[in-house]
Amino acid sequence: MRALDENPRLTNKAVAASPDTRTAGIAIAVSAIASIAFVALDEGGSGKDALSIMQSMVKVQPMHQLVHVVAMACVGGFMYGYSVLSQRLGLHRTPVLIGLVTYALGTVLMLLGTVIDGFVSTDAAAMFLGGSPAAIEQGFRIINTLSGVLLPDLARVAWVFQSVAAIAWSCALLRERGMQRAVGVIGLLAGALPAVIVFAVGNRMTDTVVVTILLAQAIWNMAAAAVLIFRGNRSERVPNLAAESF
């Protein structure tokens with residue numbers, strides 16, 4: 001009898017020690033809203049030639065860097081929220097673990113792109129701006145390579161990783177009930193859309209394409225946040241690892 005009484009106590013301790021899903025959901029929702037709002041406030045370089053463009057980049061550097069600091073904070077908020085979601089869904093389940101790993105890979109790429117766009121490019125503009133005309137042209141070519149080749153490639157790969165994560169988590173959510181199953185359907189549609197767009201358009205990234213990807217991600221992010229905020233614990237029982245391995 002004593003051995004039978006130990007399981008409920010172990011279960012209660014596990015539930016009590018688990019992260020706050022409401023906080024994690026709020027972190028995802030706030031990060032989704034803040035990232036979109038601050039992207040709208042961002043300003044890039046403008047001008048008619050290399051010199052004027054680099055001068056404008058240096059002029060807007062403080063605001064540009066602030067936007068990207070907020071973006072990095074939002075990336076951290078997403079990572080925290082989805083880590084909690086993964087724990088709630090069960091890290092012993094293959095789709096959940098795949099989702100967490102691929103999302104982490106996408107997060108690393110997003111952070112790298114944010115540092116390059118927010119800091120490296122504007123610092124490079126400031127460094128070359130005081131040089132000779134030849135140095136300015138060289139600096140401008142380097143900045144163009146960063147913004148025209150490296151950053152789009154980082155973003156595309158990161159979006160694909162994040163879509164794979166959304167699909168994997170959605171597969172796990174589809175095995176749940178009610179609201180969680182509905183969010184799984186949303187994830188299969190909105191979460192998978194960025195990867196579909198990336199493969200469809202290739203290098204032909206336009207502002208419309210980028211906005212569409214961001215909106216699709218926002219829909220998935222808010223749906224995932226709702227699961228964490230309104231559903232709370234997935235279950236208060238000890239999971240059956242054999243029955244719930246997928």
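How many aromatic pairs does a search of the whole structure find? I ran this search first and recorded 4 aromatic pairs. The model is a predicted one, and the entries below should be read accordingly.

**Entry 1: the aromatic pairs of Tyr82**

I began with Tyr82 and Tyr103, which form a tilted pair with 4.9 Å from centre to centre and 50° between the planes. Tyr82 belongs to helix H4 and Tyr103 to helix H5 (residues 94–129), so this pair ties together parts that are 21 residues apart in sequence. I looked up the accessibility of the two tyrosines and noted that Tyr82 and Tyr103 are buried.

I then turned to Tyr82 and Trp169, which form a stacked pair, 4.8 Å from centre to centre with 10° between the planes. Trp169 lies in helix H6 (residues 133–173) and Tyr82 in helix H4, so the pair ties together parts that are 87 residues apart in sequence. Trp169 is buried, as is Tyr82. I also recorded that Tyr82, Tyr103, Trp169 and Trp220 form one aromatic cluster.

**Entry 2: the nonpolar cores**

Which residues have the most contacts inside the largest nonpolar core? I found Tyr82, Leu85, Leu89, Tyr103, Trp169 and Trp220 in that position, in a core of 25 residues. At least two residues of this core come from each of helix H2 (21–41), H4, H5, H6 and helix H9 (207–231).

For Trp220 I listed the contacts beyond its neighbours within four places in sequence: Tyr82, Ala166, Trp169, Ser170, Leu173, Val183, Gly187, Ala190 and Gly191. Apart from the largest core I noted another core of 11 residues, among them Ala50, Ile53, Met57 and Ala135.

**Entry 3: Leu173**

Leu173 appeared among the contacts of Trp220, and I examined it next. Leu173 is in helix H6. Its relative accessible area is 1%, and a residue under 20% counts as buried, so Leu173 is buried. I listed its contacts, leaving out residues up to four places away in sequence: Leu89, Gln180, Arg181, Val183, Gly184 and Trp220. Leu173 and Leu89 are 84 residues apart in sequence, and their C-alpha atoms are 7.7 Å apart in space.

**Entry 4: Gly106**

Is Gly106 buried or exposed? I read a relative accessible area of 0% for Gly106, so this glycine is buried. Gly106 has its place in helix H5. Leaving aside neighbours within four places in sequence, I found Gly106 in contact with Ala158, Phe161 and Gln162. I also looked up the separation of Gly106 and Val164: 58 residues in sequence and 9.7 Å in space, C-alpha to C-alpha.

**Entry 5: Ser56**

I looked up Ser56, which lies in helix H3 (residues 50–59). Its relative accessibility is 14%, and the cut-off for buried is under 20%, so Ser56 counts as buried. Not counting residues up to four places away in sequence, Ser56 touches Gly45 and Ser46.

**Entry 6: cysteines**

How many disulfides does the structure hold? I recorded 0 disulfides. I also looked up Cys74 and Cys171. Cys74 has a relative accessible area of 5% and is therefore buried. For Cys171 the value is 28%, between the cut-offs of 20% and 50%, so Cys171 is partly exposed.

**Entry 7: helix H4**

I returned to the helix that holds Tyr82. Helix H4 (residues 61–89) has 29 residues. From its first C-alpha to its last, H4 reaches 42 Å, close to the 42 Å expected at 1.5 Å a residue. Just after H4, I noted that Gly90 takes a positive phi of about 110°.

**Entry 8: the protein as a whole**

I closed with the totals. The protein has 9 helices and 0 strands, and its pattern along the sequence is α-α-α-α-α-α-α-α-α. Of its 246 residues, 43% are buried. Among contacts in the protein with a separation of 6 or more, 79% are between residues 24 or more positions apart. I recorded an exposed area of about 13,000 Å² for the protein, with carbon and sulfur atoms supplying 67% of it.

Conventions
Residues numbered from 1 in each chain as written. Predicted model: local features only at pLDDT ≥ 70, side-chain atom pairs only at ≥ 80, totals over all residues. Heavy atoms only, no water. Helix = DSSP H or I, 4+ residues; strand = E, 2+ residues; numbered from the N terminus. Expected span 1.5 Å × (residues − 1). Buried < 20%, exposed > 50% of the residue type's maximum accessible area, 1.4 Å probe, protein only. Contact = heavy atoms within 4.5 Å. Areas by Shrake-Rupley, 256 points an atom, 1.4 Å probe, with all protein chains shown as cover. Phe/Tyr/Trp six-rings, centres within 6.5 Å; stacked < 30°, edge-to-face > 60°. Core = buried A, V, L, I, M, F, W, Y, C linked by side-chain atoms within 4.5 Å. Disulfide = S-S within 2.5 Å.
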